[in-house]
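Trainee: I have a model open on my screen and would like to learn how to read its sheet. Could you walk me through it?

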Amino acid sequence: WWTYPKGEPKKPEHENLEYQRQSQYDFESNPEYAQVVEKAHRALIDEWFTNVPKDAFILDAGCGDGLSVRLMRQYGFRNAVGVDLIGSKDVTQGDLHSLPLPDSSIDVVYSVHSLEHAYDPIKVLSEFKRVLKPNGKLFLALPYPDYVDGEHRAKAHCGSLALGLLI
């Protein structure tokens, strides 16, 4: 289990849909950045999904506009779904703190640069565990370090866990 570095988590004021809409990357206005993100997702899928069956049920948790879900489907993972605070054609609207999925329904949870946006990362990890089937896999990527000279690098990164506090 993880422990919190400073008391219990509290939902920050900016954790709302309007803030998320404003802070979500606009790939259409920045195609170069979109290419970098797509290349990164392709590299992760190539490396992490080598032994994942094409019929596996995959959740991309915190997938933004669904780019990675679309890529997984291009790779032949036909049961890839995405959940994000802002829904779209390829994404189910939902909160990672309370996933809109049944228990033990997912083979793989893929979450890239999303957990750091959760106000209660332990709750989100518990939700990942709840929806994963027995022997399911969690593929998780986080930015590190998130603090430089004691300052938060990104205001949208509201969750924090001290490293090495697994109990």
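Trainee: How many bridges join strand β4 to strand β5, and do these strands run parallel or antiparallel?

Mentor: Keep in mind that this is a predicted model. To read a pair of strands, look for the bridges and then the direction. Here β4 (residues 106–112) and β5 (residues 132–141) run parallel and are joined by six bridges. One position to click on is V112, which stands opposite A141 in β5.

Trainee: What kind of unit do β4, helix α4 and β5 make?

Mentor: Follow the chain from strand to helix to strand. With α4 spanning residues 121–131, the three form a right-handed β-α-β unit.

Trainee: In which order do the strands of the open sheet lie?

Mentor: Read across the sheet rather than along the chain. The five strands are ordered β3-β2-β1-β4-β5, and their pairing is parallel. β3 (91–93) and β5 each have a single partner strand, so they stand at the edges with one side lacking a neighbour in the sheet. On average, neighbouring strands are turned by 25° against each other, direction ignored.

Trainee: Which residue in β3 is the bridge partner of D84?

Mentor: That is Q93. Three bridges link β3 to β2 (residues 80–84), and these two strands run parallel as well.

Trainee: Which strands do the helices α2 and α4 touch?

Mentor: Look for contacts, then compare directions. Helix α2 (residues 31–48) packs on the sheet against β4 and β5, its direction making about 145° with that of β4. α4 also packs on the sheet, touching β1 (58–61), β4 and β5, and its direction makes about 140° with that of β5.

Definitions and conventions: Residues numbered from 1 in each chain as written. Predicted model: local features only at pLDDT ≥ 70, side-chain atom pairs only at ≥ 80, totals over all residues. Heavy atoms only, no water. Pairing = 2+ DSSP bridges. Helix = DSSP H or I, 4+ residues; strand = E, 2+ residues; numbered from the N terminus. Right-handed = clockwise from strand over helix to strand, strands pointing away. Axes fitted to C-alpha atoms, helices over the stretch in contact; angles between N-to-C directions. Contact = heavy atoms within 4.5 Å.
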